[in-house]
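The following exercises ask the reader to work from a structure to statements about burial, strand pairing and contacts. Each task is followed by a solution in steps.

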Amino acid sequence: MPVRPAAPTTAYDYIVIGAGSAGCVLANRLSEDPAVRVLLLEAGPRDWHPFIHMPAGLAKLVNRKGVNWNYDTAPEPHLDHRSLWWPRGRVLGGSSSINAMCYIRGVPGDYDDWVAQGASGWGWDAVLPWFRRSEGNSRGADALHGADGPLGVSDLRYVNPLSQTFIEAAGQAGLPHNPDFNGPTQLGAGLYQVTQRNGARCSAAVAYLDPARSRPNLTVVTGTQVNRITLEGGRATGVVHAVRGKAFHQVAAREVLLCGGTINSPQLLMLSGIGPAAELRRHGIKVVHDAPGVGANLQDHLDICTLWHSTQPVTYDRASDLRIAFDYYLRGRRGPGTSNVAEAGGFARSPLAPDARPDIQFHFVPAMLDDHGRHRLPGDGYTLHACFLRPRSRGRITLASNRGNDKPRIEANYLSDAEGFDLKMMVECAKVSREILGQRAFDAYRGTPIFPARDHLGDAELVDFVRAKAESVYHPVGTCRMGSDEASVVDPQLRVRGVDGLRVVDASVMPTLIGGNTNAPTIMIAERAAEFVKAG
């Protein structure tokens with residue numbers, strides 16, 4: 001997509017900060033009106049790298065700092081004081097350009113919970129049409145799915161035999177087969193549908209920016225760091241951003257739309273003088289609007305991985321990256337190159353679940369993934385991820401300095417809930433994972449255990465295992481909470497309280513985590529937000 005520099009003298013109606021999943025949606029939908037001018041600013045580069053578009057290339061994107069914000073949390077007190085790695089997309093498409101492409105919406109009760117917490121108008125019946133509007137499902141349309149939306153959603157073209165083995169083993173453990181986790185029920189095991197089209201990743205940039213690239217009223221600038229939002233008389237008037245070391249002040253005639261994500265959005269609000277007054281003063285930032293909720297309410301899905309050696313060399317561990325790429329492009333986007341790696345998974349309801357919703361999610365990987373795949377292990381093996389879907393612990397994002405180029409401080413505060421329920425659930429995740437991997441379906445493949453290294457562990461030992469090995473599964477939300485109370489950061493139309501002409505549109509506005517992967521709900525939020533903006 002051609003990227004044109006913004007002219008400092010150009011008057012834009014809307015400035016969108018961040019070309020991630022939400023920003024790409026807004027740029028497309030707002031620029032549909034030729035009478036308005038839209039500026040989209042992205043800190044990262046264009047999505048030119050071929051590993052972004054070849055689905056299996058996500059394994060090679062892990063260590064590419066050029067497309068990744070490469071965040072780490074502060075030392076986590078309840079996880080042996082480890083700093084956990086938080087990869088977030090820093091490229092056109094944001095995290096939708098580097099994620100595992102699993103298309104999951106959550107269940108109706110997740111959105112009805114939002115309403116109960118003050119996000120009026122965001123119940124399931126209200127959000128379903130926006131999911132359907134965004135979705136271009138290769139299976140066709142029905143009451144729950146859309147077929148004509150920009151976001152390609154499809155079945156996997158290639159599936160490793162071990163992924164099918166996982167589904168069989170889950171059935172033996174009591175989980176029914178489920179061909180559609182976004183259908184009438186979420187419970188069960190099966191293959192994920194993925195955000196792909198014709199065997200290639202369909203990121204938000206591909207789905208929403210590419211169709212808009214020829215519009216003369218849309219300007220996209222990459223490689224630019226937004227340092228603050230300018231405010232005058234209680235209204236957002238524009239942004240200060242830098243391109244190749246040169247600073248610009250760009251004016252927004254109508255609105256500034258902040259789509260930086262759960263980490264960057266609260267950081268930029270605080271740098272602009274909107275946030276907890278004491279925190280801002282501590283860094284010498286003038287308080288424009290005292291908003292204690294900015295950066296608070298941080299939530300994430302904590303994940304525990306169980307790894308086993310495989311006695312058969314059918315895994316992706318020793319697959320040649322060059323051979324996979326060669327086959328992928330030679331065979332017309334087919335073969336292992338189309339795999340999202342986390343091909344199979346499922347949802348279970350534990351004995352501790354407080355309601356009828358599944359509370360554990362699985363991602364099965366036919367390879368050994370230690371430390372997010374950054375640590376390569378010898379031989380062949382397989383990994384089962386399991387996360388608790390509705391954690392009670394809350395963290396926060398704070399500033400490390402008053403400079404936009406400095407990373408904020410991330411205090412995820414995992415396993416900190418007063419009742420200790422999150423820890424009990426993580427132990428349950430480890431138990432259920434071992435139960436599934438112990439089923440007879442895996443007999444033909446099961447070698448020696450890797451993590452944990454022993455086969456029989458008591459609860460106390462599993463607690464130690466969780467504290468030593470649990471990691472993020474990359475679903476942070478909540479730091480600019482949406483609600484109807486004065487303590488919420490944005491109202492149900494996503495307008496920042498106390499400031500006119502400014503909205504936050506991304507996963508940070510979610511009051512609580514949904515039961516699953518967060519990319520599809522983020523796109524849904526942006527689709528709906530575009531209509532709010534158009535309505536004025």
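A residue counts as buried when its relative accessible area is under 20%. The model treated here is predicted.

**Exercise 1. Determine whether Gln361 is buried or exposed, and identify the side chains with which Gln361 forms polar contacts.**

Solution.
Step 1. Locate the residue: Gln361 belongs to strand E18, which spans residues 360–365.
Step 2. Apply the cut-off. The relative accessibility of Gln361 is 0%, and the residue therefore counts as buried.
Step 3. Examine the polar contacts. The side chain of Gln361 is joined to that of Tyr192 by a polar contact of 3.1 Å, and to that of Asn517 by one of 2.9 Å.
Step 4. Add the surroundings. Leaving aside residues up to four places away in sequence, Gln361 touches ten residues' worth of neighbours listed here in part, including Ile104, Phe347, His385, Leu389 and Gly516.

**Exercise 2. Establish how E18 is enclosed and which strands pair with E18.**

Solution.
Step 1. Consider burial along the strand. Six of the six residues of E18 are buried, so the strand is largely enclosed by the rest of the structure.
Step 2. Separate the two faces. In a regular strand, side chains alternate between the two faces of the sheet. On one side of E18 lie Ile360, Phe362 and Phe364, on the other Gln361, His363 and Val365; all are buried, and both faces are thus covered.
Step 3. Find the partners. Strand E17 (residues 344–348) is joined to E18 by five bridges and runs antiparallel to it; in this pairing, Ala348 stands opposite Ile360. Strand E19 (residues 381–388) is joined to E18 by six bridges, also in the antiparallel sense, and here Gln361 stands opposite Cys387.

**Exercise 3. Describe the burial of strand E1, its pairing with E13 and E2, and the handedness of the crossover from E1 to E2.**

Solution.
Step 1. Strand E1 covers residues 12–17; six of its six residues are buried, so E1 is largely enclosed by the rest of the structure.
Step 2. Strand E13 (residues 246–258) runs parallel to E1, and five bridges join the two. The bridge partner of Ile17 in E13 is Leu258.
Step 3. Strand E2 (residues 38–41) also pairs with E1 in the parallel sense, over four bridges. Within E2, Ile17 has Leu41 as its bridge partner.
Step 4. Follow the chain from E1 to E2: the path passes through helix H1 (residues 21–30), and this β-α-β crossover is right-handed.
Step 5. Inspect a residue of E2. Leu39 lies in this strand and is buried, with a relative accessible area of 0%.

**Exercise 4. Ile304 and Val427 are 123 residues apart in sequence; state how far apart they are in space, and characterise the environment of Ile304.**

Solution.
Step 1. Ile304 is placed in strand E16, residues 302–310.
Step 2. With a relative accessibility of 0%, Ile304 counts as buried.
Step 3. The C-alpha atoms of Ile304 and Val427 are 8.8 Å apart.
Step 4. Beyond residues up to four places away in sequence, the contacts of Ile304 include Leu384, Met426, Cys429, Phe465 and Lys469.

**Exercise 5. State how many cavities of 30 Å³ or more the structure holds, and describe the largest.**

Solution.
Step 1. There are three such cavities.
Step 2. The volume of the largest is about 120 Å³.
Step 3. Its lining comprises 13 residues; Asp300, Pro391, Ser393, Tyr414 and Asp422 lie nearest the centre.

Definitions and conventions. Residues numbered from 1 in each chain as written. Predicted model: local features only at pLDDT ≥ 70, side-chain atom pairs only at ≥ 80, totals over all residues. Heavy atoms only, no water. Buried < 20%, exposed > 50% of the residue type's maximum accessible area, 1.4 Å probe, protein only. Pairing = 2+ DSSP bridges. Right-handed = clockwise from strand over helix to strand, strands pointing away. Polar contact = N/O pair within 3.5 Å; in protein donor to acceptor, adjacent residues only side chain to side chain. Contact = heavy atoms within 4.5 Å. 1 Å grid on protein atoms, 1.4 Å probe; cavity = no way out; pocket = protein on both sides within 12 Å on 5 of 7 lines; lining within 4 Å. Points joined across faces, edges and corners; volume = space filled by probe spheres on them.
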